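Student: Please take one part of this model and look at it closely. Then follow its surroundings outwards and describe what is found there.

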Amino acid sequence: MKNKIILLVILVLFQVSAIFAQQRNITGQVTSAEDDMTLPGVNVIVKGTNQGTVTDMDGNYTLSVPQGATLVFSFIGFGNREVKVTDQLVINVTLIEDLEDLDEVVVTSFGIERETKALGYAVQEINAEDISRTKQQNVVSALQGQAAGVQVTNSGGAPGQSARIIIRGVNSLDPNADNQPLFVIDGVPIDNSTIESGGTPRGLSNRAADLNPNDIESMNILKGAAATALYGVRAANGAVIITTKKGKEGVVRVNVSSSVGFEKVNQYPKFQEVYGQGFGGVYDPDSFWPNWGPSMDDIRQIDPNAQFYDIWRDAMRTGTQYDNSFNISGGNKNANFYTSISNLDQEGIIPFSNWGRTSARLNGELRLNERFIVAANISYVVSGGNRVPHDRFMERLVYNTPNADINDYINEDGTMKSRGGNTNPIYDARFSTFKDEVNRITGNLRFTYNVSDWMNLNYLIGTDYYSDSRTSITPGPLGIEGEQPLSSTGFITETRINSRDLNSNLFVTINKDWNEKLNTTLRLGNDVFERDSERVDATGTDFVIPQFYDLSYASQISNSQDKRKKRLVGVYGDLTVDYADMLFLNVTARNDWTSTLPIGNNSFFYPSVNLGFVFTEAFKSPDFFTFGKIRASYAEVGKDTDPYLIGQTYTSPDIYPLGGQVGFTRFGQFGDLNLKPERTTAIELGTDLRFFENRLGLDVTWYKSNSKDQIIPVPVSNTTGFTTFITNAGEIENSGVEMILRATPIKNEDFRWDLTFNASYNKNEIVSIREGIEQIELGNQFGYSGSRAYMILTEGEAYGNLYGTSYQRFGASEDGTHLNEDLPIVIGADGFPVRNTDLLILGNSTPKWIGGMSNNFRYKAFDFSFLIDFRAGVDQYNQYDMFFAAFGISERTLDRNETRVFEGVLADGTPNTKEVWLGQGTGPDGQNYGAGFYRNTYRRLTENFIQDAAFIKLRNITLGYNFQDNILGVVEFVKSARLSVAANNIILYTPWDGFDPESFSAGAGGNATGFSGLGYPGVQSVFFTFTVGF
Amino acid sequence: MLLASSCDDYLDINDNPNNPTQAPLAGLMTNSTFETAQNVFRLGDITSNYVQYLASPNPASSSDTMEESSFDNLWENLYGVMTDLNDMILKAEETGANHYQGAGQILLALNLAMTVDSFGNVPFSQSFNFETITPAYDEDNGLYTEVLSLLDQGIVNLSQETVLPVDDDDFIYGGDAERWVKFAYMLKARYLNHLSGTGSYDPAAVLTAIDMGFDGNADDAQVEYFDEERNPWANVAIRNENLFLGGWISQQFIEATNGTFGTADPRLFLLVGATDDGQYVGVVNGAGRGSAPEAGARSTLIPDQFYTTETGPVLIATYFEQKFIEAEAAFNINKSRSYQAYIDGIMAHMRKVGVPEGEIQTYLNSPEVGMGEAAFTMDDIFEEKYIAMFLNPEAWVDARRYDYKYEGFDLPENLNPDLNGQFIRRFAYPDSERSRNGQNVPDVSLLDRIFWDE
């Protein structure tokens, strides 16, 4: 089919190639209106084409232009200018400085630049400075708080750990669906998946973390379905369009940047520091129980040397980060290049956790002749590190006694020092290693052929290939008498993941100026995507020689293999109509064919239309009203699924062969034979208003999107013969409002203050599920003895609801689904609260409000900025708190030896008056209280651990000094120099008792964000950066 | 048209290269026999603390205190095996492989009965073939009818010639149809005997089944483990030796065998390990090990004993168990047959675990054990069967039928307060079932009894 399209395009090409408009060479110089300085690097483009050039060091340009064309001059920080070419040969232009650029150009689909004012939908650009300032090594994290409607959550504080990005809420209910936007670099999509470790979570990276943030020129976030209709199914959740830096015409520029950073835990939970090791108030230095012993005063009566250590703080380190990067760029009239090398080394706050990234990039563009342009980008990245099992590390800290130094973890013979039979987490972190190394090449080629002044042809082909080698080792016994090994056998797992994406995209653009006012552009294209991936795991157990870790020297080997291939083919059309710089209409249509759905159901068509109306052009408006636009759009997007989901299969469990036999079992997943694509329908209304020469701007968007026919692996009762049923089930509705407020309150020669505030509100509802299915369990997280928390989808309720057990409420309706906290708690005859084991809705893990505020100040050579971000209306399951209550670690448990009357009513409604003791064993009243209130009651109620996870963070604060000419003049070849200090997350304001609530155990690939798990603690950091340009 | 068809070819790559759509009968047999043994272990691993063979080294451990626990994995594994057996039976029926069909029916009966004995009412009639995603719960006593019917069908299928004999893919009998038939009769006797406390108890029918059952220890249904996959109880013992604590012996079991309640039992030394001082000391359930260190001061499972040999068997159904069933069923019909079966049961178990013949005779000759037919009571059967069924989940069925009345048998310390001072009578339905099939899950407490226990 692809060939057919190419053929068609070639035919069209030949027919039209006979028609040549008259070309002429235009030269000119671009200067700044403010100071008459020449402006190098200004983009000069023939309007409606990709034909263009940039000005040289002296602001000069030369361009071959058809008669009647319009030249568009654009430069960052200046307003655009358009000049119609009539019969002049020299066109000199002055540009007016304008940081609140009216005619800002954004990159939309396929690297197509469009003026913001022409768009009928919301797009937000984040520039290079906004990204580098955050000092976030993960480009996803760098977006935090910077864009309206964009929720970025770090899954934890581990070096290289994944961050999750969600635009305008979750569209797919599938707990494993990638609800994250498509990442596109220089017009070609890349892979941003996160492949978590099997078993215990280790905080692996999302693949966009392989990108060196210093290479990025700009990031544009396409939020709505309208903006993404052209990328098809893969952009159903929006798109992040990344443009990397290009060389500019003129002398070669060199930039060197070096930065060093330090980090530590930004918030600890509140611990009790009174009670030590033992159970039932009895001291026992060998006890499994770390904190149910007597008070330290009592312990010191038994052992005068006993100490109470803060093992939580003792176990953590100061993390470090070294980042060095170097780039060279340059170019002339016909070619330009940009090349960079960077290296990052990071050590985390949990001992032995680290991550690094070394990247190299070469971007180049060559203009072969007036018509033909070739551009190529290639990058090579090596990334990876040692991923400490943070979940296990933190869980083991729970069990470890505070009466021993946690850092005293190893004996002289190399065996572990253990207390109470518990594994020391630092010993485990040191010897149970998990190392990954990713080697990745991404590259693309772009061919542009200007067939005529009104038609051009583009072909982009790109690949994203990576191999991810993972080696996980857990040592067995060292063979030393009396040792407690980490594992009774020890094992090594070698994992090899290879993944290759191919993208091919061919499109033709036809531009027509019908008259002075009416202009149309039609784009037709075809794109093809293929992902081919394979994973092989080999595990060897029981090492023949202790500490010799190699598959060949393991007593038992087991293997598994997983191959996946997926293809997508699309054809699309895109028509834009501009009328008098006032009315902008855009219509798109696309059909996709996917390999992942049953043939017959695998073709899907979807259209979009959007309209922008600049009413300030149409009507006379007061002087202070600089610009006003309203916009509206309607769009549909289809969405397919993963390969191999259809039907029923069998599998051979990893344990085989046994005794020469290979066993088979029915695979737990059954895929609906009539699976069809998901569909999202979105409408959007918005306005863009600017006042006082752009000193004040307001952008407001309202949207509503409905995604139906959701492809969901519904967890089904094991009694059906399956564990999951993949089917089209349900509809989710997201609606919300986004607001961006921009202001430049102060602007003069020496001082300038820019402020941007964004906030968004999202509301979602599960409109329907499916006949016969009332609920779908999205996921759950462990809690002791009935305190497990669940994320369950229920018709008519919001996405992200958290369910669990609760205190029985007096007068609560029998079939109520929500916990009514206002009702009194029912107290049992024994004087303790009664548990309600029905699963009720206890909270919701999707933030209602997210937003951020950035402030940039510039005073002479100094600049100062800070970024605040917040989220509100969000709850999470605090698994730490559950463990801390169960093990007597939390500050709350200080009342363990008190007597109290629980507030509440008895079954008959009369107030409770029975006094009870909270402690373990026999109380002051002679009653036996068993394991005590915290273990018998408190830890067993999910309600106690569903907690408000809202926060306000000072995400970043930066102070910079740009060396001035008087200093730079000393060293002639230095063109620029900058020194800056930045701090991240130094203020966290949250009602959450625990580590930073911005943490979830699922990793960025999962949607079960309601579970904090025993996540890698969040960090605060400080960075010192020095940048020099030559 | 051309465009559409070439596109279809290009996109026709969705056949799963990782999983086949059909499974060979032999593969299903291998996994079903292996996983059935695993299920016996998985269930026994839980119930051994309830019947106080084992005790947790930690105080107030949920395993000992009979807390409401969610046994999701056990549930998934029981239904996983039953699903595979369902497929094996259907496929065998299609191809006329009646021995596979019969063995499948017997194993299905066994796994179903284990499920019913632990959970009571459970889904079955609407299970496995995806008729509904929320299968209804069938009554427990109705499911017993199904268990017995499956055993009868299995006997019929295995008693005929087959086009496709079962071979080494069968980890229990290596394809020996005759022993499969005996196994079916033994199970029939077991499940008919579970009804001892109900009005429909028919001891004569139990004895009729026993007559067709096992003829000796050689007939025992068991799976021997592999170099690649060690016996799960051996694993517990090895892990405990490496200080991943588990397999600690309850004081109850020690006292039942060390002579506290009667004659010292030579099996004690063959089933559990001694302390560093050569003593046999147990842990009181729910109390934890107190001030005892992690190793050397209490009895635990230790590697390389009968139940803990790396390539040793997990016992599914045995001749000695059958003998105790016989003793119980015959007690009111033919007391001398009952007494003889009781003696034979002890002897069969002692030989199974390797007690020397001389010591067997000494034990049987002691007045507390060989008390003679006249003084012989039903209590003697239950007490001796308790020792013989060490680690086997059938012991929990017996304990409930016997109302936990074993000599010296006390409630665990730190007992789950919800039990109001009584012993646990069933498992709670697992959390996974409550969240996925909640509308159908019966509302029960841990004190609600299975139909044969009411």
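**One helix and its surroundings**

Tutor: Helix H16 (residues 394-401) of chain B is mostly covered, with 7 of its 8 residues buried (20 or more other C-beta atoms within 10 Å of the residue's own, against 12 or fewer for exposed and partly exposed in between, with C-beta atoms placed from the backbone). Helices (H or I, at least four residues) and strands (E, at least two) are DSSP runs, numbered from the N terminus. The model is a predicted one, in which local features need pLDDT of at least 70 and side-chain atom pairs count only at pLDDT 80 or more, while totals for chains, interfaces and linings use all residues. Residues are numbered from 1 along each chain as its sequence is written, and chains are lettered from A and ligands numbered from 1 in the order in which they are written.

The buried residues of H16(B) are Glu394(B), Ala395(B), Trp396(B), Val397(B), Asp398(B), Ala399(B) and Arg400(B). Their cover includes H2, helix H5 (98-119), helix H12 (319-330) and helix H15 (378-388) of chain B. After H16(B) comes Asp403(B), with a positive phi near 55 degrees.

Two of the covering helices, H12(B) and H15(B), also pack on each other: their axes come within 10 Å and cross at roughly 170 degrees (axes are lines fitted to C-alpha atoms, for helices over the stretch in contact, and angles run from 0 to 180 degrees between N-to-C directions). H12(B) is therefore roughly antiparallel to H15(B) (over 145 degrees; under 35 is roughly parallel, 65 to 115 roughly perpendicular and the rest oblique). Phe320(B), Phe324(B), Ala327(B) and Glu328(B) of H12(B) make the contact with Ile381(B), Lys385(B) and Ala388(B) of H15(B) (contact means C-beta atoms, placed from the backbone, within 7 Å). By class, these residues are 5 nonpolar, no polar and 2 charged (Ala, Val, Leu, Ile, Met, Phe, Trp, Tyr, Cys and Pro are nonpolar, Asp, Glu, Lys and Arg charged, and the others, Gly among them, polar).

H2(B), another part of the cover, has a packing partner of its own. The axes of H2 (residues 25-50) and helix H4 (residues 72-95), both of chain B, approach within 9 Å and cross at roughly 150 degrees. This angle makes H2(B) roughly antiparallel to H4(B). The crossing of H2(B) past H4(B) is left-handed (the near helix is turned anticlockwise from the far one by less than a right angle; clockwise would be right-handed). Among the residues that make the contact are Leu25(B), Leu28(B) and Met29(B) of H2(B), and Leu74(B), Asn77(B) and Leu78(B) of H4(B). The contact of H2(B) with H4(B) holds 10 nonpolar, 7 polar and 5 charged residues.

Beyond these helices, chain B meets chain A: 68 residues of chain B are in contact with 66 residues of chain A. On the chain A side, at least two residues each come from E28, strand E29 (583-594), strand E32 (650-651), strand E33 (665-666), strand E42 (789-794) and helix H10 (932-936). The most come from E28(A), which gives 6 residues. The touching side of chain A has 27 nonpolar, 27 polar and 12 charged residues.

Strand E28 (residues 554-579) of chain A contains Gln561(A). Gln561(A) is exposed because 12 other C-beta atoms lie within 10 Å. The loop between E28 and E29 of chain A holds Asp581(A), a residue other than glycine with a positive phi, near 55 degrees. Asp581(A) is partly exposed, with 15 other C-beta atoms within 10 Å. Another loop, between E32 and E33 of chain A, contains Pro657(A), and the peptide bond from Tyr656(A) to Pro657(A) is cis, with omega near 5 degrees. Most residues other than glycine have a negative phi, and most peptide bonds are trans.

The loop between strand E41 (775-781) and E42 of chain A carries Gly786(A). With 19 other C-beta atoms within 10 Å, Gly786(A) is partly exposed. Apart from neighbours within four places in sequence, Gly786(A) is in contact with Thr805(A), Arg835(A), Thr837(A), Arg940(A) and Glu68(B). Thr942(A) is 156 residues from Gly786(A) along the chain, yet their C-alpha atoms are separated by 7.4 Å.

Note on methods. Two residues are in contact if their C-beta atoms, placed from the backbone, lie within 7 Å.
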